[in-house]
Amino acid sequence: MHLPTPLEQAPRLSEMLGVDLLIKREDLAGLCVGGNKARLLEFALGSLRAKGVDTLIAHAAAQSNKLRDIAAAAARFGMRAVLLIPASRGATETLPPQGNRLLFDILGADVRLVAPNFDAASIMISQEEVRDEMAREGRRPAILDRRLEYGADATIAYVDAAEELLGQLAASGKKPHSLFIAAGAGMTAAGLALGLKHLRSPMRVMAVSTSGRARDLAPDIEQHAARAAERLGLTTRLSSGDFTLIDEYAASGYGVLTPALADAMRLFARAHGMVIDPVYNAKVACALVDKVADGRILRGATVVYVNTGGGPAIYDYSDALSADPVDVGVNNDVAALPSRRNT
Ligand SMILES: *Cc1c(COP(=O)(O)O)cnc(C)c1O
């Protein structure tokens, strides 16, 4: 990947939001199309290659950024990627693949459909079945699952990112009040929060949950951080008081693009020329807009927004995002946003 990822100023967007916004462009991280999974694979692949692993196995959704980057990393190193995705029900099966699902095919991954709505135990069993099959073929397979080594690698990668970011901030002379980041399983946020705490940064991590409730996700984040700290030999531990979890955007559902989220995407696109993804970063953008509006982030404060990538997902939402020809084609006036036309 390409490190350090840029830390970008965003003057027009800052003016519109009323804060001094800095954007950490993890979406420009390299590998295939950037994103936070590139940074963690940079860590995970080193030890796997040293062990002679030649086959990567993972399970996730059909539009998973993780699976896309595993396919890309496998291609880069001449490995095989076996990607397990839930079979979709009904009509979507007959549509041509879009977004990340299309990239799996172009990247040459071995894509297999498994029964949908799996619990954690059966997901692990399905991955182990493929691992055993690969081993019988004489290959050296590894399962990339957050319950295994991969979870600690993912968190450690973002401890490293925290150090990188603090170096960039020191060079720029900026002292941000807070850092906004998406939290799915929470490894990325855990690594950043752990790294910032360990390096004694007062910047507060505002983790925006994309699906889980805060009371479930907070202990997970503490756990991820503890595993990473142990592996790194750090005595610093994270507790739930060290970060803020915002879960009010999770209620609409994982991957559901509400009109407010689409507005946030258009705002960031039209004020900065940066297209953010609908699943993760749109929720973070929405949270940032709302927290400034309700006074929880003071006007004029310096804020870091981490763009974690995920761009290819937009192609799976073309209906919702292209639905408004007046906004898209004619009215390019960002001051008119957010318009809640679709509500
Ligand atoms: C995976 C992913 C996240 C969430 O990372 P976690 O460590 O699971 O919280 C955020 N943004 C994008 C684009 C992702 O692909």
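These are my notebook entries on a predicted model of a protein chain with a ligand.

**Entry 1: the domains**

I began with the overall layout. The domain assignment splits the chain into domain 1 (7–34 + 150–336) and domain 2 (36–146). I noted that domain 1 is written as two stretches of sequence, 7–34 and 150–336. Taken over C-alpha atoms, the centres of domain 1 and domain 2 are 25 Å apart. I then looked at how the domains meet: 29 residues of domain 1 are in contact with 24 residues of domain 2.

**Entry 2: the nonpolar cores**

Next I turned to the inside of the protein. In soluble globular proteins, nonpolar side chains tend to be buried together. Here the largest nonpolar core has 59 residues, and Leu-56 and Leu-179 touch the most other members. Which helix gives the most to this core? I found that helix 6 (residues 149–172) does, with eleven residues. The core also draws at least three residues from each of domain 1 and domain 2. Apart from it I found another core, of 39 residues, with Leu-261, Met-265, Ala-271 and Val-284 among them.

I wanted to see Leu-179 in its setting. Leaving aside its neighbours within four places in sequence, I listed Leu-165, Leu-192, Leu-196, Met-203, Arg-204, Val-205, Met-206, Val-304 and Val-306 as its contacts.

**Entry 3: around the ligand**

Then I moved to the ligand, which has 13 residues around it. Which of them come nearest? My list reads Lys-37, Gly-184, Gly-186, Thr-188 and Thr-308. Helix 2 (36–50) and helix 7 (187–198) each supply at least two residues of the shell around the ligand.

I looked up three polar pairs in turn:

- For Lys-37, I found a polar side-chain atom 2.7 Å from an oxygen atom of the ligand.
- For Asn-65, an N or O atom in the side chain is 2.8 Å from an oxygen atom of the ligand.
- For Thr-308, an N or O atom in the side chain is 2.6 Å from a nitrogen atom of the ligand.

How much of the ligand does the protein cover? On its own the ligand has 380 Å² of accessible area, and the protein covers 94% of that.

**Entry 4: Asn-65 and His-224**

I stayed with Asn-65 a little longer. Asn-65 sits in helix 3 (residues 65–77). Is Asn-65 buried or exposed? Its relative accessible area is 11%, so Asn-65 is buried, the cut-off being under 20%. Beyond the neighbours within four places in sequence, Asn-65 is in contact with Lys-37, Asn-100, Tyr-280 and Gly-310. I also checked Asn-65 against Ala-50: they are 15 residues apart in sequence, and their C-alpha atoms are 25 Å apart in space.

His-224 was my next stop, in helix 8 (residues 214–232). His-224 has 11% relative accessibility and therefore counts as buried. Setting aside neighbours within four places in sequence, I found His-224 in contact with Thr-155, Ala-185, Gly-186, Met-187 and Ala-190. I recognised Gly-186 from the residues that come nearest to the ligand.

**Entry 5: Val-114**

Val-114 lies in strand 5 (residues 110–114). With 14% relative accessibility, Val-114 counts as buried too. Leaving out neighbours within four places in sequence, I noted contacts from Val-114 to His-59, Leu-84, Ile-85, Pro-86 and Ala-87. Val-114 and Ser-88 are 26 residues apart in sequence, and I read 9.3 Å between their C-alpha atoms.

**Entry 6: backbone oddities**

Last, I went through the backbone. Most residues other than glycine have a negative phi, and most peptide bonds are trans. Where does a cis peptide bond turn up? I found one joining Leu-3 and Pro-4, with omega about -5°. Pro-4 belongs to the segment before strand 1 (7–9).

Then came phi. Leu-31 is not a glycine, yet its phi is positive, about 60°. I placed Leu-31 in the loop between strand 2 (20–25) and helix 2. Leu-31 has a relative accessible area of 24%, so I wrote it down as partly exposed.

Arg-200 also has a positive phi of about 60° without being a glycine. I found Arg-200 in the loop between helix 7 and strand 8 (204–209). Is Arg-200 buried or exposed? Its relative accessibility is 76%, over the 50% cut-off, so Arg-200 counts as exposed.

Definitions and conventions:
Residues numbered from 1 in each chain as written. Predicted model: local features only at pLDDT ≥ 70, side-chain atom pairs only at ≥ 80, totals over all residues. Heavy atoms only, no water. Core = buried A, V, L, I, M, F, W, Y, C linked by side-chain atoms within 4.5 Å. Buried < 20%, exposed > 50% of the residue type's maximum accessible area, 1.4 Å probe, protein only. Helix = DSSP H or I, 4+ residues; strand = E, 2+ residues; numbered from the N terminus. Domains from an automatic or database assignment. Contact = heavy atoms within 4.5 Å. Near = heavy atom within 4 Å. Polar contact = N/O pair within 3.5 Å; in protein donor to acceptor, adjacent residues only side chain to side chain. Areas by Shrake-Rupley, 256 points an atom, 1.4 Å probe, with all protein chains shown as cover.
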